[in-house]
Amino acid sequence: HTLWRKDLKDHEKTVNYFKEIKKVVDEKSVVVFSLDADALHGADMPGVSAVNGDGITLVELHSLWGHYQALPKSHQPLLGIYELNPVYDSVSMLSMRTVGAFLYQCFEF
């Protein structure tokens, strides 16, 4: 199943996408949240090799994470972030700080 970028604007399509995932996973399944940083909006993520002018917003990213967290699983959340390169980041380290803030919120206790 694919959740297309345009579908993120329709909450019902996102909910239905995760309902389909819940049909094939149970608490013994290992589900990995894999984030390619190139997919995020370029205004939030300049530190990538392919800056995306129409990428996923941080609000959408947090919404996706919330749906992932609601999946049945007995393991700790598994999260991979890829394609983030400090060489391409701004002087303010906006990309690194954005990802750091996302990770902090993901694993808040």
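The radius of gyration used below is taken over C-alpha atoms, and the globule rule sets the expected value at 2.2 Å times the number of residues to the power 0.38. The model is predicted, so that local features need pLDDT of at least 70 and side-chain atom pairs count only at pLDDT 80 or more, while totals for chains, interfaces and linings use all residues. Residues are numbered from 1 along each chain as its sequence is written, and side-chain values use heavy atoms, with hydrogens and water left out.

**Exercise 1. Work out whether the overall dimensions of the protein chain agree with those of a compact globule, and describe the order of its elements.**

Step 1. For 109 residues the rule gives a radius of gyration near 13 Å, and because the protein chain has 15 Å, the two agree.

Step 2. Along the principal axes, the C-alpha atoms fill a box of roughly 45 × 30 × 20 Å.

Step 3. The protein chain holds three helices and two strands, where helices (H or I, at least four residues) and strands (E, at least two) are DSSP runs numbered from the N terminus. Read from the N terminus on, the elements follow the order α-β-α-β-α.

Step 4. Among contacts (heavy atoms within 4.5 Å) with a separation of 6 or more, 66% join residues 24 or more positions apart.

**Exercise 2. Describe the surroundings of Thr14 and His67, and decide whether each is buried or exposed.**

Step 1. Thr14 belongs to helix α1 (residues 11-24), whereas His67 lies in helix α2.

Step 2. The classes are buried for under 20% relative accessible area, exposed for over 50%, and partly exposed in between, with a 1.4 Å probe and protein chains only. Thr14 is therefore buried, because its relative accessible area is 4%, and His67, at 17%, counts as buried too.

Step 3. Leaving aside residues up to four places away in sequence, Thr14 touches Leu3, Asp7, Leu8, Leu64 and His67. With the same exclusion, His67 touches His11, Thr14, Val15 and Phe18.

**Exercise 3. Characterise the largest pocket by its volume and its lining.**

Step 1. A pocket, on a 1 Å grid over the protein atoms alone, is an open set of points where a 1.4 Å probe fits, with protein on both sides within 12 Å along at least five of seven lines, and its lining residues have an atom within 4 Å of a point. The largest pocket encloses about 390 Å³ of space.

Step 2. Its lining comprises 19 residues, of which Tyr17, Phe18, Phe33, Ser34 and Leu64 are the closest to the centre.

Step 3. Two or more lining residues come from each of α1, β1 (32-36) and α2 (58-69), and β1 gives the most, with five residues.

Step 4. By class, the lining divides into 16 nonpolar, one polar and two charged residues.

**Exercise 4. Compare the loop residues Gly55, Glu83 and Met93 by location and accessibility.**

Step 1. Gly55 sits in the loop between β1 and α2, and at 1% relative accessibility it counts as buried. Apart from residues up to four places away in sequence, Gly55 touches Arg5, Ala39, Leu40, His41 and Glu60.

Step 2. Glu83 is found in the loop between β2 (78-82) and α3 (94-106), and its relative accessible area of 44% makes Glu83 partly exposed. Although Glu83 is not a glycine, its phi is positive, at about 65 degrees.

Step 3. Met93 is also placed in the loop between β2 and α3 and, at 41% relative accessibility, counts as partly exposed. Its phi is near 60 degrees, a positive value in a residue other than glycine.

Technical notes: Points joined across faces, edges and corners; volume = space filled by probe spheres on them. Nonpolar A, V, L, I, M, F, W, Y, C, P; charged D, E, K, R; others polar.
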